[in-house]
Every structure is written in C-alpha cells, then in structure tokens.
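I opened this entry to keep track of what I looked up, in the order I looked it up. The model is a predicted one.

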Amino acid sequence: MPTINSHLVISALGKDQPGIINKLTRAALDAECNVLDTRMAVLSGEFAILMAVEAAWDRLARLESQLPKLQKELGLTIIAERTEPGASPAQLLPYGVDVVALDQPGIVHNLAAFFADRGINIEDMTTSSYAAAHTGTPMFAVRMTIGIPANMHIASLREEFMEFCDSMNLDAVLEPVKG
C-alpha cells in the first residue's frame, strides 16, 4: 500500500546572504523530504522564500524540528504550515497576463480588483519597476498567471479586460499559457 504524503509550506524572510537556499534545502534533504515548489526573491536586500515540501508525516516532523535552529543560524523569520495536497484546479484555464505602464500608484490593486470581481484567482504574480530606455521614464511591469473558470466566455473577458486597461492607460496582453 503506497504511503500518503503530507505537505508542509515553509516561508522565510530576513536579510539576504549567500547560502540560505543551500541550508534550507539541505535540511529538507536530511529529513528525507521532497521539495515540490519554490518561489524566492531578494527585494531591497531582504530574502523571501515560499517552499512546499512533501513527505510522510514523521519526516515532516523531523524537518519542522530543525526550523528553529535554522531560524537562529540564518537570522530569518521562518513560519511552517502543514497543508493537504492541493486539489487539482477543477475546470480552470491557465492564462498569462502581461501589463506595462508608466509607473503610478494603484496598478496592482486595480488589476487584482478586476480579476477578483469576476471570481478569477491570481495564481502567480511578479512586478518590477524600471527606467525606460533612452528617456529614463519610470515604468512598471506586471506578469501574472490567472485561473479562468472554463465556463467563462474568454472573448468577452478579454474585451472587458482590454477596455479596462485602455481606461487606465495600461498596455496589456491576456493569452493562454503555453506548455
């Protein structure tokens, strides 16, 4: 009979330094846990990571027992939460959204509100600020993956989204995620 694995999501935040990922993944490996999914970034000198691991409950307990030591050693704030394996997204179509605009307050909030009002979940998002080539104008870019319910009329959604973006002076693309 196959072993049913449990999941643990670990988040860590603190001053960036070389070797953090090495030590976190070494702890998972030593506890015989499998790293499933990871997102990490360094923002303004601060390191942040979300890492999902899976293993039998006793192996996850072994990893959890190592986290206070790692927290102290690395100077991080670490939070771990046991979770159930995620249900497969029922009838959701993955779409990518790319937006570029002059940097201005409220872009992310307005995009989030547009999708939330339509019951569409934002599953992944990255934003960045940069200076436009040649002019140095402050620009802002958003890239996200959303899950659109399969019963939603995509052409109508795309039209609404483009009108919304035009009204906010955002250059945008909404297209299916490929591969």
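**Entry 1: a histidine.** I started with His7, which counts as buried because its relative accessibility is 14% and the cut-off for buried is under 20%. I placed His7 in strand β1, residues 6-15. I then asked which side chain makes a polar contact with that of His7. Glu54 is the partner, at 3.4 Å. Leaving aside residues up to four places away in sequence, I listed what His7 touches: Leu36, Val53, Glu54, Leu60, Glu81, Arg82, Thr83, Glu84 and Pro85. Glu54 is thus on the contact list of His7 and also its polar partner.

**Entry 2: salt bridges.** How many salt bridges does a search of the whole structure find? I noted 10 and followed up some of them.

I took Arg59 and Glu32, a salt bridge whose closest N and O atoms are 3.4 Å apart. This pair links distant parts of the chain, with Arg59 in helix α2 (residues 57-74) and Glu32 in the loop between α1 (20-30) and β2 (34-43), 27 residues apart. For exposure I wrote down a relative accessible area of 32% for Arg59, which is partly exposed. Glu32 also counts as partly exposed, at 44% relative accessibility.

I then looked at Glu32 with Arg62, where a salt bridge has its closest N and O atoms 3.4 Å apart. Arg62 lies in helix α2 and Glu32 in the α1-β2 loop, so this pair ties together parts that are 30 residues apart in sequence. Arg62 has 34% relative accessibility and counts as partly exposed. I recorded Glu32, Arg59 and Arg62 as linked in a network of salt bridges.

**Entry 3: another salt bridge on helix α2.** I checked Glu64 and Arg82, whose closest N and O atoms are 2.8 Å apart in a salt bridge. Glu64 is in helix α2 and Arg82 in strand β4 (residues 76-83), so the pair joins parts that are 18 residues apart in sequence. Are these two buried or exposed? Neither label applies: Glu64 is partly exposed at 26% relative accessible area, and Arg82 is partly exposed at 33%. I noted that Arg82 had already come up, among the residues touched by His7.

**Entry 4: the four-stranded sheet.** I went on to an open sheet of four strands with antiparallel pairing, in the order β6-β7-β5-β8. Which strands stand at the edges? They are β6 (121-131) and β8 (171-176); each has a single partner strand, so one side of each is left without a neighbour in the sheet. I noted an average twist of 15° from one strand to the next.

For the pairing of β5 (residues 92-102) with β8, I found six bridges in the antiparallel sense. Val99 has Ala172, in β8, as its bridge partner.

**Entry 5: helices on the sheet.** Next I looked up what packs on the sheet. Helix α3 (residues 107-116) does, touching β5, β6 and β7 (138-149). The direction of α3 makes about 15° with that of β7. Helix α4 (residues 154-167) also packs on the sheet, and its contacts are with β5, β7 and β8. I noted about 165° between the direction of α4 and that of β8. Strands β5 and β7 therefore appear in the contact lists of both α3 and α4.

Technical notes: Residues numbered from 1 in each chain as written. Predicted model: local features only at pLDDT ≥ 70, side-chain atom pairs only at ≥ 80, totals over all residues. Heavy atoms only, no water. Salt bridge = Lys/Arg side-chain N within 4 Å of Asp/Glu carboxyl O. Helix = DSSP H or I, 4+ residues; strand = E, 2+ residues; numbered from the N terminus. Buried < 20%, exposed > 50% of the residue type's maximum accessible area, 1.4 Å probe, protein only. Pairing = 2+ DSSP bridges. Axes fitted to C-alpha atoms, helices over the stretch in contact; angles between N-to-C directions. Contact = heavy atoms within 4.5 Å. Polar contact = N/O pair within 3.5 Å; in protein donor to acceptor, adjacent residues only side chain to side chain.
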